[in-house]
Each structure stands twice: as structure tokens, then as C-alpha cells.
Amino acid sequence: MPRTESLETRWVELFDELCRSHSIDSAQIAAPFFSVRAVEARAVLYVGKATNGDWYRDKFCSQSSNVSMKERREERHECTRNFLVEEAPRYNSGFWYFAKELNTEAAKKWNQPIKTSFQHIAWTNICKIGASKGNPRGSLLKKQRDLALETLLLEIELYKPQLICFVTWDYAFELVRKVVDDPD
């Protein structure tokens with residue numbers, strides 16, 4: 001099994017484990033988020049904290065017992081692709097406004113026409129399992145910390161971004177520092 005599939009399977013398994021756990025209220029966690037490659041080869045890896053809200057949890061949970069792990073992983077990728085095409089361009093938040101501006105500037109720098117709002121953006125998050133309100137903290141962050149680091153390093157290796165942009169402020173700074181291997 002390729003490394004991406006293996007990591008994504010581990011994310012789904014972690015989500016399932018968290019839903020069964022008594023230490024975390026499963027209604028308070030979002031369904032797993034998986035990144036997708038940018039449309040264009042030259043890309044910016046745009047790193048956020050975690051998804052906002054439940055990340056289409058009802059759909060993911062309603063099908064989980066009826067489909068294979070492969071189908072569960074594919075549904076998460078499709079969810080991200082659909083969000084980037086249909087919803088993110090309409091969001092009026094600083095996070096998505098900056099992503100659109102970054103995409104525009106990347107297209108100009110690389111002398112390419114602007115085809116979509118996010119053609120040069122490969123969006124990912126530090127935490128692949130978000131909180132339904134706010135960002136993962138405490139045990140929810142702790143339980144995914146190692147897997148988050150491993151996944152982010154693999155995404156950098158696979159996507160080969162021209163630029164990595166952390167839009168995280170000081171959230172999970174110790175993980176960001178490990179990724180960039182620079183204490184400052």
C-alpha cells in the first residue's frame with residue numbers, strides 16, 4: 001500500500017477510535033480531512049490549522065459501515081475537491097481571501113493564466129481531525145500530533161511545493177518548527 005493510502009487509513013482509523021472513545025465527545029470532532037494536489041504543477045502548500053465545523057461528518061459517518069476503507073478515503077478527497085471548487089471561492093474569510101490572493105500572485109510569478117481561484121494551491125491542515133467548534137486542543141490535538149507531523153512531511157515530499165505558507169499563527173507551533181527544522 002502506498003504511503004499516502006497507509007497514512008490516510010490511519011487517519012480514518014484514528015477518527016473511528018476517537019468516536020468510540022469515552023475521553024472525547026465524538027459529536028465534537030470533525031470527520032477526517034485529506035488534502036489534494038494543486039491543479040498546476042507549480043504549487044503553494046497552504047497549511048491551515050484544521051477544518052472549520054464538522055467537515056461533512058454526517059455524510060462520512062452514514063456511509064462508514066457500508067463501504068470499504070478505499071471508498072472512505074476517496075470520499076474524503078472528493079469532499080476536499082468539491083469544497084475547493086464550489087464553496088471556498090465564495091467564503092468571505094481572511095483565510096480564503098489570502099489563498100485566492102496567493103494563487104493570483106503565484107500565477108503571475110509563474111506566467112500562467114488564472115484558471116481557478118486555487119489552481120496553484122494545495123491546501124492542507126496541521127490537524128486532519130478538526131473540532132466542531134474552534135481548533136483541536138488538549139487530548140484531541142495530542143492524539144493526532146505524531147500522525148499530523150508524519151502526514152505533513154509526506155505532503156511536502158509528494159507535492160514538491162515551490163512555497164509553503166503556514167496560516168496558523170502560533171497554533172501547534174512545535175509541529176511547524178519540526179517541519180521547517182528551524183527553531184526561530
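Colleague: What makes the three strands an open sheet, and in which order do they lie?

Modeller: In this predicted model, the three strands lie in the order S2-S1-S3 with parallel pairing, and the edge strands, S2 (121–125) and S3 (163–166), each pair on one side only. The sheet is therefore called open, since it has edge strands.

Colleague: How do you know that S1 and S3 are paired?

Modeller: Two strands count as paired when at least two bridges are found between them, and four bridges join S1 (residues 44–48) to S3, so the condition is met. Within S3, Leu-163 is the residue that stands opposite Val-44.

Colleague: How do you know that helix H5 packs on the sheet, and how is H5 directed relative to S1?

Modeller: Contact requires heavy atoms within 4.5 Å, and helix H5 (residues 138–159) touches S1, S2 and S3. The direction of H5 makes about 165° with that of S1; because such angles run from 0 to 180 degrees between N-to-C directions, this value lies towards the upper end of the scale.

Colleague: Why is the set of 34 residues called a nonpolar core, and which members touch the most others?

Modeller: The name applies because its members are buried residues of kinds such as Leu, Ile and Trp, joined through side-chain atoms within 4.5 Å. Trp-11, Leu-18, Ile-29, Ile-126, Ile-129 and Leu-140 touch the most other members, while H5 gives the most to this core, with eight residues.

Colleague: What else belongs to a core?

Modeller: A second, separate core has 19 residues, including Cys-79, Ala-99, Ala-106 and Trp-123.

Definitions and conventions. Residues are numbered from 1 along each chain as its sequence is written. This is a predicted model: local features need pLDDT of at least 70, side-chain atom pairs count only at pLDDT 80 or more; totals for chains, interfaces and linings use all residues. Side-chain values use heavy atoms; hydrogens and water are left out. Helices (H or I, at least four residues) and strands (E, at least two) are DSSP runs, numbered from the N terminus. Buried means under 20% relative accessible area, exposed over 50%, partly exposed in between (1.4 Å probe, protein chains only).
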